[in-house]
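Biologist: I should like to go through this structure with you step by step. May I put my questions in turn?

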Protein chains: 2
Amino acid sequence: MTVGTEWLVDAHGCRPDALRDLATVRALLELLVVRYELRVVGESAWHKFPGEGGVTGLYLLTESHLAVHTYPEHGIATVNLYCCRWGTRAAPEFPWEATFAAALGATQVDVRTLPRGTRGMTA
Amino acid sequence: MTVGTEWLVDAHGCRPDALRDLATVRALLELLVVRYELRVVGESAWHKFPGEGGVTGLYLLTESHLAVHTYPEHGIATVNLYCCRWGTRAAPEFPWEATFAAALGATQVDVRTLPRGTRGMTA
């Protein structure tokens with residue numbers, strides 16, 4: 001039994017100014033919403049941390065959730081996409097690396113794809 | 001460089017009626033907020049899916065985010081706690097198994113603890 005798939009995306013080498021700009025980060029997330037045809041429930045929630053801080057965004061989806069956190073001081077953006085639409089079928093491919101490079105200047109993008117709800121996943 | 005720790009908690013064998021009850025699921029999440037001394041930004045967002053469906057809850061935290069999704073038809077609840085407070089230090093231990101057993105009747109609780117923002121995490 002697998003109830004969903006979660007992508008943990010950690011992007012490195014991003015431009016700090018892009019990571020501090022809510023509109024830039026939000027545009028990237030909206031691209032994910034459109035590309036994956038995600039259905040957002042209510043309004044997404046956004047928070048800009050003060051001064052040199054980053055931004056956080058959360059989307060409640062009928063398919064689960066989508067989240068972003070940025071760390072300008074480290075040049076890092078992390079995204080979670082938890083999606084229960086595809087079950088055990090293959091999800092569509094997404095060009096994470098090219099997209100994060102174009103939007104944020106990322107030089108390295110690590111993607112982990114993890115099943116959710118599968119018994120015995122403890123590592 | 002590690003910017004945070006993420007716990008992926010998948011609880012199995014839960015009572016379907018508990019997984020459909022927003023107040024029950026919310027009480028469990030509030031317990032996590034209190035226990036970890038999490039700082040919630042704004043209001044948490046909740047959604048009850050119609051009929052026999054489960055519930056979804058999202059918290060935007062100053063420390064990142066907390067999310068829950070339940071699947072009554074499978075007896076499964078999944079929780080994400082993404083917390084950037086402790087960095088590379090050990091986070092406090094939480095009795096996931098006993099807590100999910102007491103709140104939802106879970107018979108098996110799988111916990112994955114994953115670093116975020118560490119280069120080269122791709123599996």
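Biologist: In which strand of chain B is the place of S64(B), and is S64(B) buried or exposed?

Modeller: This is a predicted model, and in it S64(B) belongs to strand β4 of chain B. A residue counts as buried if 20 or more other C-beta atoms lie within 10 Å of its own. S64(B) has 25 such atoms within 10 Å, so this residue of β4 is buried.

Biologist: What is the phi of S64(B)?

Modeller: S64(B) is not a glycine. Its phi is nevertheless positive, at about 130°.

Biologist: Where is E37(B) found, and does E37(B) count as buried or exposed?

Modeller: E37(B), likewise not a glycine, has a positive phi near 55°. The residue is found in the loop between α2 (22-35) and β2 of chain B. A residue with 12 or fewer other C-beta atoms within 10 Å is exposed. E37(B) has 9 C-beta neighbours inside 10 Å, and therefore it counts as exposed.

Biologist: By what turn can chain B be laid on chain A?

Modeller: Two copies of a chain are related by a rotation about an axis and a shift along it. Here the shift along the axis is 0.0 Å, the RMSD is 0.0 Å and the turn is 180°. That is the relation of a two-fold axis.

Biologist: Which residue of chain B comes closest to the rotation axis?

Modeller: The distance is taken at the C-alpha atom and comes to 3.9 Å. The residue of chain B that comes closest to the axis is L58(B).

Biologist: Which element gives the most to the side of chain B that touches chain A?

Modeller: In the contact between the chains, 33 residues of chain B meet 33 residues of chain A. The elements of chain B that give two or more residues to this side are β1 (4-12), β2 (45-48), β3 (55-61), β4 (64-71), β5 (76-83) and β6 (108-116). By class, this side has 14 nonpolar, 14 polar and five charged residues. The element that gives the most, with six residues, is β6(B).

Biologist: Why can one say that the copies meet through the same surface?

Modeller: The interface residues of chain B can be looked up in chain A. The copies meet through the same surface because the share of them that are also interface residues in chain A is 100%.

Biologist: In what order do the elements of chain A run from the N terminus on?

Modeller: The secondary structure of chain A comes to three helices and six strands. From the N terminus on, their order is β-α-α-β-β-β-β-α-β.

Biologist: What radius of gyration does chain A have?

Modeller: The C-alpha atoms of chain A fill a box of roughly 45 × 30 × 25 Å along the principal axes. A compact globule with 123 residues would have a radius of gyration near 14 Å. Chain A agrees with this, at 14 Å.

Biologist: Which residue of chain B does A67(A) touch?

Modeller: A67(A) lies in strand β4 of chain A and counts as buried, with 23 C-beta neighbours inside 10 Å. Leaving out residues up to four places away in sequence, A67(A) touches G57(A), L58(A), V79(A) and N80(A). Its contact in chain B is H65(B).

Biologist: How many residues has the largest nonpolar core?

Modeller: Among the residues with the most contacts inside this core are A11(A), A77(A) and L104(A). A11(A) is in contact with both A77(A) and L104(A). The number of residues in the core is 58.

Key:
Residues are numbered from 1 along each chain as its sequence is written. Chains are lettered from A and ligands numbered from 1 in the order in which they are written. This is a predicted model: local features need pLDDT of at least 70, side-chain atom pairs count only at pLDDT 80 or more; totals for chains, interfaces and linings use all residues. Copies are superposed by least squares on the C-alpha atoms of residues with pLDDT of at least 70 in both. Two residues are in contact if their C-beta atoms, placed from the backbone, lie within 7 Å. Helices (H or I, at least four residues) and strands (E, at least two) are DSSP runs, numbered from the N terminus. Ala, Val, Leu, Ile, Met, Phe, Trp, Tyr, Cys and Pro count as nonpolar, Asp, Glu, Lys and Arg as charged, and the others, Gly among them, as polar. The radius of gyration is taken over C-alpha atoms; the globule rule is 2.2 Å times the number of residues to the power 0.38. A nonpolar core is a set of buried Ala, Val, Leu, Ile, Met, Phe, Trp, Tyr and Cys residues joined through C-beta atoms within 7 Å.
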